[in-house]
Number of protein chains: 2
Amino acid sequence: MKGVPQRKMTYWNVKGTVTDSANEQVRVPNVIALVGLPARGKTYISHKLCRYLNWIGIKTKAFNVGEYRRKACNLEEQGEFEFFSPHNNKGNKIREDCARLAIEDMGRYLDSKEGEVAILDATNTTRARRKLLVDYCREMQHNPPFRVFFIESVCDDPDIINSNITEVKTCSPDYKGIMSEEAAKEDFMKRIEMYKMQYEPIDEEADEELSYIKVINAGKSFYVHNVNGHVQSRVVYFLMNIHLLPRSIYLTRHGESEYNRIGRLGGDAPLSENGLKYASRLQNYFEKEKINELRVWSSQKIRAAQTASKMAHIAQHVEYWKVLDEIDAGICEGLTYEDFESRYPKQFGERDKDKYHYRYPSGESYEDLVARLEPVIMELERQSNVLVISHQAVLRCILAYFTNQNRDDLPYLKVPLHTVIKLTPKAYSCEVEMFKFDIAAVNTYREKPKTDGSATHAEQ
Amino acid sequence: MKGVPQRKMTYWNVKGTVTDSANEQVRVPNVIALVGLPARGKTYISHKLCRYLNWIGIKTKAFNVGEYRRKACNLEEQGEFEFFSPHNNKGNKIREDCARLAIEDMGRYLDSKEGEVAILDATNTTRARRKLLVDYCREMQHNPPFRVFFIESVCDDPDIINSNITEVKTCSPDYKGIMSEEAAKEDFMKRIEMYKMQYEPIDEEADEELSYIKVINAGKSFYVHNVNGHVQSRVVYFLMNIHLLPRSIYLTRHGESEYNRIGRLGGDAPLSENGLKYASRLQNYFEKEKINELRVWSSQKIRAAQTASKMAHIAQHVEYWKVLDEIDAGICEGLTYEDFESRYPKQFGERDKDKYHYRYPSGESYEDLVARLEPVIMELERQSNVLVISHQAVLRCILAYFTNQNRDDLPYLKVPLHTVIKLTPKAYSCEVEMFKFDIAAVNTYREKPKTDGSATHAEQ
């Protein structure tokens, strides 16, 4: 009885005028500029923020001034830490040119409406440099002018600094293959000293008119000033929830359900016999893994709750979240893919054309799912070890967040039945391991159709 | 096709085991203690936080030490500002006793699991007093011990302090009817001086081990330290989004729809002739009101979008949010109330018994709605003037938040068609004005049934 099929045309006409709500909230372009000495996690923050904002639908790009420098002069030319001395005129000139180039590219990116948020990943350690940026953003040539928000990472905890330096000396393109790890470390520490000579932290009084957050010792404390607008508010909340502690996130679909077996979409069917086997084997798997303080979050669908119930005495606790329920297929709930295609051929074709934005009549789109899952991502960022027991479409959205997949690929990510996906976030990436259990299950994956529209199995 | 009716019993059995997700996230009891001189908005924060946490489903109670004091000694006995001098032994004794009583009541409230969060609304201006509280919360008699989070309101902006003092001198039960406004103001300023003599603000170094937020100049800046757990994280985000600037929030349902006319639930029907009239009159209303930078948020249902489209050239912009769509009535979408009762008599009865928690099979409950609307409330808190064009059940949830209604009353709040509800938040309450337009519309209100189960019109 769901939906008003006789009004389908009207529905789609109105929908055509409905603008993307995520975009609608963001009118004014935002520049987010990092501030801080080398090895304070600026690039880490910049990557992570860029991924988060893109995932929630705010188009964002990071501009790393270090990369401009590496393009502007080869590493031999640049030489070692002396290049970064405030007294090295050639070095200063190159570094200033690079900053200017990055800022101009950023300006073009925002002026052209290609994106809504630009992240300037640079040290921006002097008040003069920050003023230059603010003045540029306020120039009337930009219509509208850009809002600027600074994120300063301040750290005096030697452990955190050391671990960041170790990360850099082994990974930085400034050193990789150029010198030994020990030499790199020494050079890098001298480079930091060069920056310290001219570093002017953002000051509560002198910089009263700026909007900024100071992230102190990797999130132990924060100082937040003059937050302005939706994007800045979201950024602040996100920065206050992320952490660097080692942990893993486990994703799994419920065991195979009776509906999976007959290829039907959605519904609320219980587990099949093989599905029940999987639930037991999942329990064994986590018994062996002995994960510290494991939390289990399940959807409220029967098939997920049945799978999760096996975890009750292993996990610290099991929670059932409606927000983890599968995508709502609206008028297509309970249909097979073949039914869908034969009953609503036009809809079926629409979906193949743009699966991310396609909304089932009276149901949801992947875009809707991402909006609904945002609080889950925020809570996952805050937590340590979590197992999420949910559904194909939901887990695709979560997986896309952690592995930084774009919207075109997201609805086609492979999340097979009877498989545990283990995610281990690292500084600049996320390790993905797949553990396929040896229990038969139907394949619910449907390839991205070729131009001839051919398809395989039922899925969402 | 939605829903799996043949499995309804299984569905409800599983649902029975599903715990309240909002509760599940909150395990450890939290004490939230205010800190600050008189007239720093502590009671304002405490009220507002209490309302927010209860609305999102975290049971919270505020304990105001001032009220204990007013009970412990009548106002003549207490006398004037000298009572609050650190050198007044009798005053000290009474004030200490009151603080102890409030803390003990708070402890009982949390230990008995009656609630999950207790807010201690007191000055807590000395380090010794705060230590006493922390020690009490960590005592092993509590199982588990309580987490403590301090909210210190710091203010050196004379305008803000003055406006708070004005609020107090006209409203405080310490002065009302006791002395003239001028005398009250003078006495109150002297009382503040008494507190200043012993005030020890929370210190970044000396109080390193505490968890706290400093709210500086009513939200211009914040210092946040050691945030621990879900509740504290939510509290911080909330405090960073609220503001005191004058503004109004306007709520209205879409104009009467074709479905309203025939008493059907949900669906996606267009406006009736009278509904279209209302949309035009709404436009006239806001043209006359001339509201500064009005934002319009509409649901994505046709009837709401049609109503909102009239606002396009008045509002700063119009946004269409799926999250504002009406409650999903699942298998009852498109039915009349009579159909619902005759087809699913058991469900119909369940709903009357506990309308807030009742979830339509394959649909939503009011509780689900509140969870889905939380980001809307957060964004409404951040914004200035907003008109929300949505639906009966959704607007009940929003209205309940602003007017602090409990969960039993929420699903029965009156939100008639062709009526604008204007909400103007004040310091300790919210002014509600209803503007009923003179355009005929069906009545969709259904009274809370008496024991005989009698009902009137169709509604959700």
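**Exercise 1.** Leaving aside its neighbours within four places in sequence, with which residues is Ser257(A) in contact?

*Solution.* The model used throughout these exercises is a predicted one.

Step 1. Locate the residue: Ser257(A) belongs to the loop that runs between β7 and α11 of chain A.

Step 2. List the contacts, with neighbours within four places in sequence set aside: Ser257(A) touches Ala269(A), Pro270(A), Leu271(A), Ser272(A) and Arg303(A).

Step 3. Examine the side chain. The side chain of Ser257(A) also reaches the backbone nitrogen of Tyr259(A), at 3.2 Å.

Step 4. Classify the accessibility. Ser257(A) has a relative accessibility of 1% and therefore counts as buried, since the cut-off for buried is under 20%.

**Exercise 2.** Determine where the residues annotated as "active site" lie and whether they are buried or exposed.

*Solution.*

Step 1. Consult the record. An unreviewed UniProt entry gives the annotation "active site" to His254(A) and Glu326(A).

Step 2. Compare sequence and space. These residues span 73 residues in sequence, yet no two of their C-alpha atoms are more than 10.8 Å apart, so they gather at one spot.

Step 3. Place each residue. His254(A) is in the loop between β7 (249–253) and α11 (258–261) of chain A, while Glu326(A) is in the loop between β9 (317–320) and α14 (337–343) of that chain.

Step 4. Apply the cut-off of under 20% for buried residues. His254(A), at 2%, is buried, and Glu326(A), at 8%, is buried as well.

Step 5. Describe the surroundings of His254(A). Beyond its neighbours within four places in sequence, His254(A) has contacts that include Tyr278(A), Ala304(A), Thr307(A), Ile389(A) and His391(A). A polar contact of 3.4 Å links its side chain to that of Arg303(A).

**Exercise 3.** Examine the "binding site" annotation and describe Asn260(A), one of its residues.

*Solution.*

Step 1. Read the annotation. In an unreviewed entry, UniProt lists Arg253(A), His254(A), Gly255(A), Glu256(A), Ser257(A), Glu258(A), Tyr259(A), Asn260(A) and Arg303(A).

Step 2. Test whether they gather. Although they span 51 residues in sequence, no two of their C-alpha atoms are more than 14.0 Å apart, so they gather at one spot.

Step 3. Place Asn260(A). This residue is part of helix α11 of chain A and, with a relative accessible area of 13%, it is buried.

Step 4. List its contacts. Neighbours within four places aside, Asn260(A) meets Arg253(A), His254(A), Gly255(A), Leu417(A), Val442(A) and Thr444(A).

**Exercise 4.** How many disulfides does the whole structure contain, and why does Cys73(B) form no bond with Cys98(B)?

*Solution.*

Step 1. State the count: a search over all chains finds 0 disulfides.

Step 2. Check the distance. The closest cysteine sulfur to that of Cys73(B) is in Cys98(B), 6.6 Å away, which is too far for a bond; a disulfide requires sulfur atoms within 2.5 Å.

Step 3. Note the accessibility. Cys73(B) is buried at 1%, and Cys155(B) is buried at 10%.

**Exercise 5.** Which residues touch the most other members of the largest nonpolar core?

*Solution.*

Step 1. Recall the principle: in soluble globular proteins, nonpolar side chains tend to be buried together.

Step 2. Identify the residues. The largest nonpolar core has 118 residues, and those touching the most other members are Trp55(A), Ile151(A), Leu380(A), Ile398(A), Ile151(B), Leu380(B) and Ile398(B).

Step 3. Separate the other core. Apart from the largest core lies another of 74 residues, including Tyr68(A), Val134(A), Ile216(B) and Tyr223(B).

Step 4. Inspect one example. Outside its neighbours within four places in sequence, Ile151(A) is in contact with residues including Ile32(A), Leu34(A), Ile45(A), Ile213(A) and Val235(A).

Terms used. Residues are numbered from 1 along each chain as its sequence is written. Chains are lettered from A and ligands numbered from 1 in the order in which they are written. This is a predicted model: local features need pLDDT of at least 70, side-chain atom pairs count only at pLDDT 80 or more; totals for chains, interfaces and linings use all residues. Side-chain values use heavy atoms; hydrogens and water are left out. UniProt positions are given in the numbering used here, feature names are shortened, and annotations may be inferred rather than shown by experiment. Helices (H or I, at least four residues) and strands (E, at least two) are DSSP runs, numbered from the N terminus. Buried means under 20% relative accessible area, exposed over 50%, partly exposed in between (1.4 Å probe, protein chains only). Contact means heavy atoms within 4.5 Å. A polar contact is a pair of N or O atoms within 3.5 Å; within protein, one must be able to donate a hydrogen and the other to accept it, and residues adjacent in sequence count only if both atoms are side-chain atoms. A nonpolar core is a set of buried Ala, Val, Leu, Ile, Met, Phe, Trp, Tyr and Cys residues joined through side-chain atoms within 4.5 Å.
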